[in-house]
Amino acid sequence: MITQVATTDAVVADTEMTEPVHQTLTERDLLPDVHVVDAGYTTAALFLAATEQGMELLGPAPHDSSLQSRQNQGFSRADFTIDWEDESAVCPSGHRSFEWWEQKHHRNGTPVLKVFFSAEHCRPCPKQALCTKPPSGRRGRGITFLPRERHEALEAVRRVQDTAEWKARYAIRAGVEGTISQAVRVTALRRTRYRDMPTTRLGHVFAATALNLIRIDRWLAGTPLGGTRTSRLEALMLAA
């Protein structure tokens with residue numbers, strides 16, 4: 001059943017709507033114990049905020065964006081040990097960083113921590129090729145990570161999301177995707193018939209209400225659940 005409808009401009013990112021949806025559901029006493037979302041609605045800050053609200057945000061955590069992680073070779077951020085009390089980090093070879101400072105992320109203003117290791121350690125290191133380019137100045141490898149609470153919230157999700165138990169729990173998300181698919185097919189949800197936001201929102205509310213009535217009717221009538229639709233291309237492959 002659809003319990004919340006929010007209409008925004010197309011340029012609004014999904015992550016910007018997670019907290020407003022939670023706030024509205026809280027005001028209506030409908031906040032769930034577990035909110036199952038896709039990767040578009042998760043950030044470290046949102047995982048942390050959900051926990052503080054007494055709710056679990058169940059969705060894939062953003063991937064490590066470091067070059068080594070994207071290329072799946074070398075030492076990524078996860079291979080470094082962070083010493084929060086000492087405000088330093090230890091690299092896979094056991095060397096401790098010599099710089100630690102906070103700044104705002106250049107794109108979204110999120111507070112981040114930057115750590116640098118000394119070139120004196122990185123340059124002769126036998127593992128240097130797996131870690132960073134040959135340093136030319138006094139700085140060697142640098143890593144960027146989130147403040148402690150956000151970092152730990154993000155890493156906690158990353159640790160479990162590859163387990164069979166997490167994947168089994170997350171499989172229920174297929175029901176949400178099925179609802180979206182039904183909304184697109186039945187109500188042509190991807191296009192609006194109106195020019196202004198209030199009327200468009202009203203159309204969305206009517207669409208959600210119609211879907212709820214259709215789903216209630218099929219539930220009471222015992223209509224079997226629909227199977228996964230087969231695309232034309234897949235149908236041709238199966239026929240061959």
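**Exercise 1. Find the handedness of the crossing of H7 and H8, and describe how these helices pack.**

Solution. Start with the crossing: in this predicted model, H7 and H8 cross in a right-handed manner. Next, take the geometry. H7 covers residues 173-187 and H8 covers residues 197-221; the two pack at an angle of about 115°, and their axes lie 11 Å apart. Angles of 65 to 115 degrees count as roughly perpendicular, so H7 is roughly perpendicular to H8.

Now list the residues that meet. H7 brings Gly175, Thr179, Gln182, Ala183, Val186 and Thr187, while H8 brings Ala207, Leu211, Ile214, Arg215 and Arg218. Sorted by class, this contact of H7 with H8 holds five nonpolar, four polar and two charged residues.

**Exercise 2. Check the span of H8 against the value expected for its 25 residues.**

Solution. The expected span is 1.5 Å times one less than the number of residues. For the 25 residues of H8, that rule gives 36 Å. The end C-alpha atoms of H8 are 36 Å apart, so the two values agree. Just past the helix, look at Gly222: this residue follows H8 and has a positive phi, near 70°.

**Exercise 3. Work out which residues of H8 are buried, then take a look at Thr200.**

Solution. The buried residues in H8 are Thr200, Ala207, Ala208, Leu211 and Asn212. Part of the cover over the buried residues of H8 comes from H7. Turn to Thr200, which sits in H8. Its relative accessible area is 10%, and buried means under 20%, so Thr200 is buried. Leaving aside residues up to four places away in sequence, Thr200 touches Thr7, Thr192 and Tyr194.

**Exercise 4. Decide whether Glu27 is buried or exposed.**

Solution. First, place the residue: Glu27 belongs to helix H1, residues 15-27. Its relative accessibility is 59%, so Glu27 counts as exposed. For a distance to check in your viewer, try Val5: it is 22 residues from Glu27 along the chain, and their C-alpha atoms are separated by 14 Å.

**Exercise 5. Describe the packing of H2 with H5 and sort its contact residues by class.**

Solution. H2 (residues 44-52) packs with H5 (residues 148-160) at an angle of about 90°, with the axes 8 Å apart. That angle makes H2 roughly perpendicular to H5. On the H2 side, the contact is made by Ala44, Ala45, Phe47 and Leu48; on the H5 side, by Glu149, Arg150, Ala153, Leu154 and Val157. Sorting by class gives seven nonpolar, no polar and two charged residues for the contact of H2 with H5.

Conventions:
Residues numbered from 1 in each chain as written. Predicted model: local features only at pLDDT ≥ 70, side-chain atom pairs only at ≥ 80, totals over all residues. Heavy atoms only, no water. Axes fitted to C-alpha atoms, helices over the stretch in contact; angles between N-to-C directions. Helix = DSSP H or I, 4+ residues; strand = E, 2+ residues; numbered from the N terminus. Parallel < 35°, antiparallel > 145°, perpendicular 65-115°, else oblique. Left-handed = near helix turned anticlockwise from the far one by under 90°. Contact = heavy atoms within 4.5 Å. Nonpolar A, V, L, I, M, F, W, Y, C, P; charged D, E, K, R; others polar. Buried < 20%, exposed > 50% of the residue type's maximum accessible area, 1.4 Å probe, protein only.
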